[in-house]
Amino acid sequence: MSRLLERFTLGALEVVALSDGAPDRSLDGFFDGAAPAEWTRAVGVTSAADAVPFNFGSFLVRGDGHTTLIDTGFGAHGRSLGVPGGGELLLRLAEAGARREDVDRVVHTHLHVDHCGWNLDDDAGGAITFPNATFHLHAAELAYWTGPASDTNSMAAGARGRINPLVAAGRVQTFEGSEHALYETLTLLHTPGHTPGHVAALLSSQGQHLVVVGDAAHHPVHFEHHDWVPGVDVDPAASARSRGLLAALAADRDALVTGGHFPILSLGHVRRVEGGYRWQPV
Ligand SMILES: [Zn+2]
């Protein structure tokens, strides 16, 4: 089982991996393009149905004068999932020593329902959970989920329900282009494929770097096999390209890498090897 909370430091930054639910589950469906025998061997299971530790995770970042939350989990209804830690993100936040009022920046890697659930607090009548936060996301992500292009996407209703009230309240800030330096410690990297405006977050402090990959990878083996594509990705070719871009960036900068769906705490480096990349756990 994934842990539910773990802290680590990156230069002057404190980063806390927080879970909003940590099921053990099968990864079947995350590796389109690979034969089951191939991906199961890479993941270390014997059958596609085997459960492995998984996580619905967020990251709290402090130490740069801001309190930043990367993604906001499933929300209160996550308790109905019946999984360890489901719907408990605010409890984890309190354990990390942060109040919801402290959060002044929320970054959305994308707007799937497991990444924007706590934008609103269903226990408080749907009020904005983080009253002092500005919500940052790529313009292409907002345009996709609030426009006609997602009308036939089964996840559109969930995304719209969680972002439209924030747009109406003037709390959303979007950016365009391939990267956006939100602050000297935090750069957002447009890495489309999983969704049109998906971003990864690059944290930097005192010469150390951490790439929070969002859903560009659901398991570290995705960095060794860029063409293994989660079935839910809207643009498989772009998804593979984005994994390649992140792998190259992580290798070039000797960055630590983690992801919200990796079990807590999964940190690693992506190393260049003959013919590709290798994941090296820390
Ligand atoms: Zn996800």
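Two strands count as paired here if DSSP finds at least two bridges between them. All views show a predicted model.

**View 1. The hairpin of strands E17 and E18.** Strand E17 covers residues 268-273 and strand E18 covers residues 276-281. The two strands are antiparallel and are joined by 6 bridges. Gly268 faces Pro281, which belongs to E18. Between the strands lie 2 residues. Gly275 in this hairpin adopts a positive phi near 80°.

**View 2. The hairpin of strands E14 and E15.** E14 (residues 199-205) and E15 (residues 208-212) run antiparallel and share 5 bridges. Within this pairing, Ser204 has His209 of E15 as its bridge partner. The turn leaves 2 residues between the strands, and Gln206 in the turn has a positive phi of about 50°. Most residues other than glycine have a negative phi.

**View 3. Strand E15 beside strand E16, with the connection through helix H5.** E15 also pairs with E16 (residues 256-258), and here the strands are parallel, with 3 bridges. Val211 is placed opposite Val257 of E16. From E15 the chain passes through helix H5 (residues 236-253) before it enters E16. This β-α-β crossover is right-handed.

**View 4. The open sheet of 7 strands.** The strand order is E1-E2-E5-E6-E7-E10-E11, and parallel and antiparallel pairings are mixed. E1 (5-10) and E11 (172-175) are the edge strands, each with pairing on one side only. From one strand to the next, the twist averages 20°. Strands of a sheet pair through backbone hydrogen bonds, either parallel or antiparallel.

**View 5. The pairing of strands E7 and E10, and helix H3 across the sheet.** E7 (residues 105-107) and E10 (residues 134-138) are parallel and are linked by 3 bridges. Val106 is bridged to Phe135 in E10. H3 lies across E10 and E11, and the angle between H3 and E10 is about 90°.

**View 6. The packing of helices H3 and H4.** H3 spans residues 139-146 and H4 spans residues 156-168. Their axes are 9 Å apart and make an angle of about 120°. The two helices are therefore oblique to each other, as this class takes in angles that are neither 65 to 115 degrees nor under 35 or over 145. The crossing of H3 and H4 is left-handed. H3 contributes Leu142, Trp145 and Thr146 to the contact, and H4 contributes Ala156, Ala159, Arg160, Ile163 and Asn164. Of the contact residues, 5 are nonpolar, 2 are polar and 1 is charged.

**View 7. The cis peptide bond between Ile264 and Leu265.** Omega of the bond from Ile264 to Leu265 is near 0°. Leu265 is part of the loop that connects E16 and E17. Most peptide bonds are trans.

**View 8. Asp71, a residue other than glycine with positive phi.** The phi of Asp71 is near 70°. Asp71 belongs to the loop between strand E6 (67-70) and helix H2 (89-95).

Definitions and conventions: Residues are numbered from 1 along each chain as its sequence is written. This is a predicted model: local features need pLDDT of at least 70, side-chain atom pairs count only at pLDDT 80 or more; totals for chains, interfaces and linings use all residues. Axes are lines fitted to C-alpha atoms, for helices over the stretch in contact, and angles run from 0 to 180 degrees between N-to-C directions. Helices (H or I, at least four residues) and strands (E, at least two) are DSSP runs, numbered from the N terminus. A crossing is left-handed if the near helix is turned anticlockwise from the far one by less than a right angle, and right-handed if clockwise. Two residues are in contact if their C-beta atoms, placed from the backbone, lie within 7 Å. Ala, Val, Leu, Ile, Met, Phe, Trp, Tyr, Cys and Pro count as nonpolar, Asp, Glu, Lys and Arg as charged, and the others, Gly among them, as polar. A crossover is right-handed if, with the strands pointing away from the viewer, the path from the first strand over the helix to the second runs clockwise.
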